[in-house]
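Thank you for making time for this, and please have the sequence and the picture open while I talk. I will go slowly through a few places, and you are welcome to stop me along the way.

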Amino acid sequence: MSFNLNKLTVKAQEVVQNAVEIAQNYNNQIVEPEHLFASMLQESGSVAESMVQKTGANVAQMKVKIGELLESLPKVTGAGIGNQQLSNNLAKLFDRAAAEANNLKDEFVSTEHLLLALTEDEGKPGELLRQNNINNNIVLAALKDIRGTQRVTSQNAEDAYQSLKKFGRDLNELARSGKLDPVIGRDEEIRRVLQVLSRRTKITRF
């Protein structure tokens, strides 16, 4: 495999490690994209799960389906257990994820790049995503909502935009969905805020 696993973010490395453990639990000697996808969906509140949810797909149902796919993989017993190896399909998926990172001008491969690569997977995980109307463009749109214009420039990049998601509120989204209370009797305050913002904008142009 040509891909350097050290180029993965910490979260992505955890996903891969968990995929290996899932393979061990299912007595699968070869770690496949199925294990990786299962690992990505297993962590509640993860970036990958958030992106899948944003597409409108039923995450719980997808977890059941991926569990069925894992059950169908070849099992080993005896000496083979605990000696897991990455499959050629998974190696190709890492290469696709690296290409996705490069397209987004990111310096490390994170969990969202792995999900983007899975949408192009020719096997069962990719088929499952497509059956749920999840493709590359839809995931990219969901990614933009989650991390905005931020780039992956460190191995802890996911923590930054996950923190915004957990502790911040998207006021634009709330306004679009009609969940913000109307502002009544605050005309003077709003006018003063606009004046301040206007002055600050003019200053920054010099």
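Lys 105 is exposed, with a relative accessible area of 61%, and please keep in mind that everything I describe comes from a predicted model. This residue sits in the loop between H5 and H6, and although Lys 105 is not a glycine, its phi is positive, at about 60 degrees. A second residue can be described in a similar way: Asn 133, which is not a glycine either, has a positive phi of about 60 degrees. Asn 133 is placed in the loop between H7 and H8, and with a relative accessible area of 58% it counts as exposed, because the cut-off for that word is over 50%.

Let me turn to the charged pairs. Side chains of opposite charge can pair when their charged atoms come close. How many salt bridges does the count come to? The count comes to four, and I will take you through some of them.

In the loop between H5 and H6 we also find Glu 107, and this residue forms a salt bridge with Arg 151, where the closest N and O atoms are 3.9 Å apart. Arg 151 lies in the loop between helix H8 (136-147) and helix H9 (157-167), so that the pair links distant parts of the chain, 44 residues apart, and the distance of 3.9 Å qualifies because the limit is 4 Å. Are the two partners buried, exposed or something in between? Arg 151 is partly exposed, with a relative accessible area of 40%, and Glu 107 is likewise partly exposed, at 40%.

Another of the salt bridges joins the side chains of Asp 121 and Arg 96, at 3.7 Å from N to O. Asp 121 belongs to the loop between helix H6 (111-119) and helix H7 (124-131), while Arg 96 belongs to helix H5 (residues 88-103), so this pair ties together parts that are 25 residues apart in sequence. Here the surroundings of the partners can be told apart, since Asp 121 is buried, with a relative accessible area of 6%, whereas Arg 96 is partly exposed, at 27%.

The side chains of Glu 71 and Lys 75 also meet in a salt bridge, with 3.6 Å from N to O. Glu 71 is partly exposed, with a relative accessible area of 48%, and Lys 75 is partly exposed too, at 44%.

Now to the helices. Two packed helices are described by the angle between their axes and the distance between the axes. For helix H4 (residues 59-72) and H7, the axes come within 11 Å and cross at roughly 155 degrees, and H4 and H7 are therefore roughly antiparallel to each other, given that angles over 145 degrees count that way. Their crossing is right-handed. On the H4 side the contact is made by Met 62, Lys 65, Ile 66 and Leu 69, and on the H7 side by Lys 124, Pro 125, Leu 128 and Leu 129. Sorted by type, the residues of this contact are six nonpolar, no polar and two charged.

Which residues of H7 take part in the contact with helix H2? Before I answer, the geometry: the axes of H2 (residues 33-42) and H7 come within 8 Å and cross at roughly 50 degrees, and the two helices are therefore oblique to each other. From H7 the contact uses Lys 124, Pro 125, Leu 128 and Leu 129, and from H2 it uses Pro 33, Glu 34 and Phe 37. The residues of this contact of H2 with H7 divide into five nonpolar, no polar and two charged.

H2 itself is mostly covered, as nine of its 10 residues are buried, and among them are Pro 33, Glu 34 and Phe 37, the residues that H2 brings to the contact with H7.

Pro 33 brings me to my last stop, Ser 87, which is placed in the loop between strand E2 (85-86) and H5. Is Ser 87 buried or exposed? Ser 87 is buried, with a relative accessible area of 7%, and, if we leave aside its neighbours within four places in sequence, Ser 87 is in contact with Ile 30, Val 31, Glu 32 and Pro 33.

Key. Residues numbered from 1 in each chain as written. Predicted model: local features only at pLDDT ≥ 70, side-chain atom pairs only at ≥ 80, totals over all residues. Heavy atoms only, no water. Buried < 20%, exposed > 50% of the residue type's maximum accessible area, 1.4 Å probe, protein only. Helix = DSSP H or I, 4+ residues; strand = E, 2+ residues; numbered from the N terminus. Axes fitted to C-alpha atoms, helices over the stretch in contact; angles between N-to-C directions. Parallel < 35°, antiparallel > 145°, perpendicular 65-115°, else oblique. Left-handed = near helix turned anticlockwise from the far one by under 90°. Contact = heavy atoms within 4.5 Å. Nonpolar A, V, L, I, M, F, W, Y, C, P; charged D, E, K, R; others polar.
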